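The exercises below are to be worked through with the sequence and the coordinates at hand. Each solution goes step by step.

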Amino acid sequence: MEPTLSPAGYAALTILLLPLAAAVVALACPCRDPERTANRSIGAIALGFILSLGLFFFAGDKAIETNFNWLSVGDLKVSFGLLLDPLSKLMLLVVTGVGLMIHIYSRGYLHGDRSYSRYFASLSLFTFSMLGIVLANNLFMMFVFWELVGVSSYLLIGFWFEKNSAADAAKKAFLTNRVGDFGFILGIILTWAALGSVNFTELASAVELGGRLADKAAGFSVLAEPLGKIFQSTNWWLVHPNVLVTLVGLLLFMGAMGKSAQFPLHVWLPDAMEGPTPVSALIHAATMVAAGVFMLCRIFFLLDIPGSHALEFIAWIGGFTALLAALMALQQNDIKRILAYSTLSQLGYMVMAVGLHSPQSAMFHLTTHAAFKALLFLGAGSVILACHHEQNIWKMGGLRDAMPRTWWTFRWGTLALCGVWPFAGFFSKDAILAAALDPAHRNIPLFVLGVFVAGLTTFYMSRLVLVAFCGNARSEEASHAHESPGVMTWPLVVLAVPTLLAGAVGIDAYLAKALPSEHAPHNEGFLNNLFAPFNHNILAAGFGLLAVVAGYKLARALYTNAGRDPLPDKLGVLAKMARDRFYFDELYEWFISVTQETLAKVADWFDRWIIAGLLVRGTHGTTELFGRALRLVQTGSLQTYAFLFAAGVVLVLAWQLLLQSPAH
Amino acid sequence: MNVGLEHYLTVSAMLFCLGLLGVILRRNVLVIYMSLELMLNAANLALVAFSRFNENLTGQMMVFFIITVAAAEVAVGLALIVALYRKRQSAHVEDLTSLKL
Amino acid sequence: MVLPDILFYLFAFLTLLFGALVVANPFSRNPVTSAMFLVLTICAMAGLFVLLNAFFLAAVQILVYAGAVMVLFLFVIMLLDLKEEQRRKINLFGIVTGTGAVMGLGFLLTKTIWGGDLNQSANPRVIGDTKALGLELFTKGQFLLPFEIVSVLLLVAMVGVILLSKKELK
């Protein structure tokens, strides 16, 4: 495609490249005044936000694509291109909007830090990478930016790298991500091999072409032939094209597993809280971890091919992650850890939604979650700073009166997270629960699980709020806490707006233009949207609210004015297991160390016996042996030499005269 | 039986082998040298036999030269042996070896 | 049996006998004995030469070989005052392998000689008298140059001998 750039294309390119420019300038010429770096980064993303708003409202609903040919190797043509459809435009808004709030907040939070410019450079680099994922028009480019996001995450988690725990956490995040990315790239290669392209629009049309054929699964039996050529046995691929389809879906999902921290690659997200709180808000709540879900929605047409079982698997993984994370959150005492596990749980919800054939509800929840989770994290940051870097909730308390603005925004965020009407979270969570009850793909067990996790969510969030904010101050610092400066609290207020209102503005209707589904929701206006969930599916809405009420009542009973946590006494071993995160980290560590030890032992044996023993010493010994044997020929004795002459002559003559005489 | 070329050649071959045996088996340097002369003589005999039975005078010419050169060679060789004897004080071949095994 | 044949067998036997005695004398290990027997071998060979019609060479053989070369040998033996060769350790392995090799060689040569076509003329003219030899050496053939060179060679040999047998000058 010719690189013809429409105005929209130019706008998108600007949005993408501004943060990169800010990062490069920050790294290339560190000024004496670190405030300038901060301002530059904030300016870049603010401009990006304004342009995103412009694109959102004025660029129309059709997909706009721009393409630059980057490299062509044989049949593989990789281009660098930008795709602007409703999905990416919405995501642009989320990323730049939430990102802008967090940039402003960071200015206050990290004030006086020694590596101020490095922080903003890394933050801008992250923004650039995330926008690259959002705007990418092909899988390969998305993968490049995927990795870039991983690198930025590493830089930001390990920002205070002087602390060993931070450096270790950064490594853990990166390595776990890599495991997921391994599956991701295998999936990309498989897709390319099967369908001949990695571009999203081309892939979509290829799949649709296959779908129009009589045999619905033939869209992917198109795969079977080229793959058969690759693997030189067409037999079992042809017999089970479903296997192939499922495999591609699962491999691509592995990327999402790593990035969005699904079970079993969930272990890095809680540790990632070692980074500064704004980083946790931006990367590990609102945007980076959502990239996995975004990717799943982008390639949803690949997952949705009839005959593929990938979506069932995905749904169960998502549901299981949600449950597991919620259980672990019940017993955590670090405010950021609780929020991290809550993020994990909500991500599980989103993935589950994708698995329930409802990507638009997944994206809806992603959008609302970005807003209120960022809000919660930033509020937690505010609280942490006020209590002089204290993160244990049992050492807080009574902050309700001390920090009013933080208090009400945090409360709103909690209500949204729990899914209380009319906050945004209610609508998105309801959409997911409704998807579970959707007659086309009904999944009652997952519905029950979803409701149960909603209850657990309310329980632990109420626990957090009751212990940290309500009651009396439990420690010295808490009693001296006071409200944070304006630069930190105003972003909270700004974020509180979408937390309340985003539910009813019709995001899912907007998304349905990009992600078509059977029951497309439509935008009926703000007031109608407020009550729409009750009209569409009263069961989902009803059970959801019921779970909220139950959770809240239970938490209130246990935690109002509690001096210490009463659950460990009641639940004993279970509570301990929850607090110790069900020993997953220990399991992985054991597994890795065992594998590594075995491999090391094998390598050692090989090195010691084969290489050093057989090859090196063997060569040496053999040469020495030969040398010694040959040395004996040189006796210095005349007669020996004479004898050898004679013997040689005899041999040559024998050969010439006897053996060749027939030829003569 | 008519004595032909083969008979003379057989004698020559036998003589040659005797000489070779002497070179390999005897330990006295001078005896070894003498066996060498024996081998030369065997060659001479073969050449003359060929010359006679192939009507070619070149064989005898060769023998002429061989005898001359053999004389010169003996002279030089014996001078060497004398010099060697002066060094090693022995005419035994094993004493002349200085290469250690 | 014609007389030349009888003579051939006689001289051949003598040659081989004396040759064997040069190499392996069971009675004495004195090198002088070996030298004496070598002289006798040369004389017997001269007889064979005569039978082969090479009269001049027979004479030269006796004159030069037996007369000069062997005398030189004896001179050196006397000069070095070599006694009987002392018996040293007999290397049986060496003896066996050496004898084996030599016998192998002998077998091979004999087999070849008696094996087939030796490319000889059917009825050879008998040639080889002195006059023909002289003509061949000096006029016909290409032996004049080698003849001159051989004389130089003798000179060289003389010089070499003198040099080699010089005593070390202090």
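**Exercise 1.** What is the accessible surface of chain B, and what percentage of it belongs to carbon and sulfur atoms?

*Solution.* The model is predicted, so that local features need pLDDT of at least 70 and side-chain atom pairs count only at pLDDT 80 or more, whereas totals for chains, interfaces and linings use all residues. Residues are numbered from 1 along each chain as its sequence is written, chains are lettered from A and ligands numbered from 1 in the order in which they are written, and side-chain values use heavy atoms, with hydrogens and water left out. With the Shrake-Rupley method and a 1.4 Å probe, where for residues only the protein chains shown count as cover, the accessible surface of chain B comes to about 3,600 Å², and carbon and sulfur atoms hold 64% of that area. Of the 101 residues in chain B, 64% count as buried, a class that requires under 20% relative accessible area, while exposed means over 50% and partly exposed lies in between (1.4 Å probe, protein chains only).

**Exercise 2.** Describe the contact of chain B with chain C, beginning with its extent and ending with the elements that take part.

*Solution.* Taking contact as heavy atoms within 4.5 Å, one finds 70 residues from chain B and 81 residues from chain C. The two chains bury about 7,200 Å² between them, 76% of it on carbon and sulfur atoms, where buried area is the accessible area (1.4 Å probe) lost by two parts on being put together, summed over both. The elements that give two or more residues to this side of chain B are α1 (5–25), α2 (29–53) and α3 (58–88), helices being DSSP runs of H or I with at least four residues, and strands runs of E with at least two, numbered from the N terminus. The largest share, 23 residues, comes from α3(B).

**Exercise 3.** Where is B:E55 placed, and is B:E55 buried, exposed or partly exposed?

*Solution.* B:E55 sits in the loop between α2 and α3 of chain B. Although B:E55 is not a glycine, its phi is positive, at about 50 degrees, and its relative accessible area of 29% makes it partly exposed.

**Exercise 4.** Locate A:H389 and A:P264, and state the backbone feature of each.

*Solution.* A:H389, in the loop between α17 (359–386) and α18 (399–402) of chain A, has a positive phi of about 60 degrees without being a glycine, and at 56% relative accessibility it counts as exposed. A:P264 is in the loop between α10 (241–259) and α11 (268–271) of chain A, and the peptide bond that leads to A:P264 from A:F263 is cis, with omega near 0 degrees.
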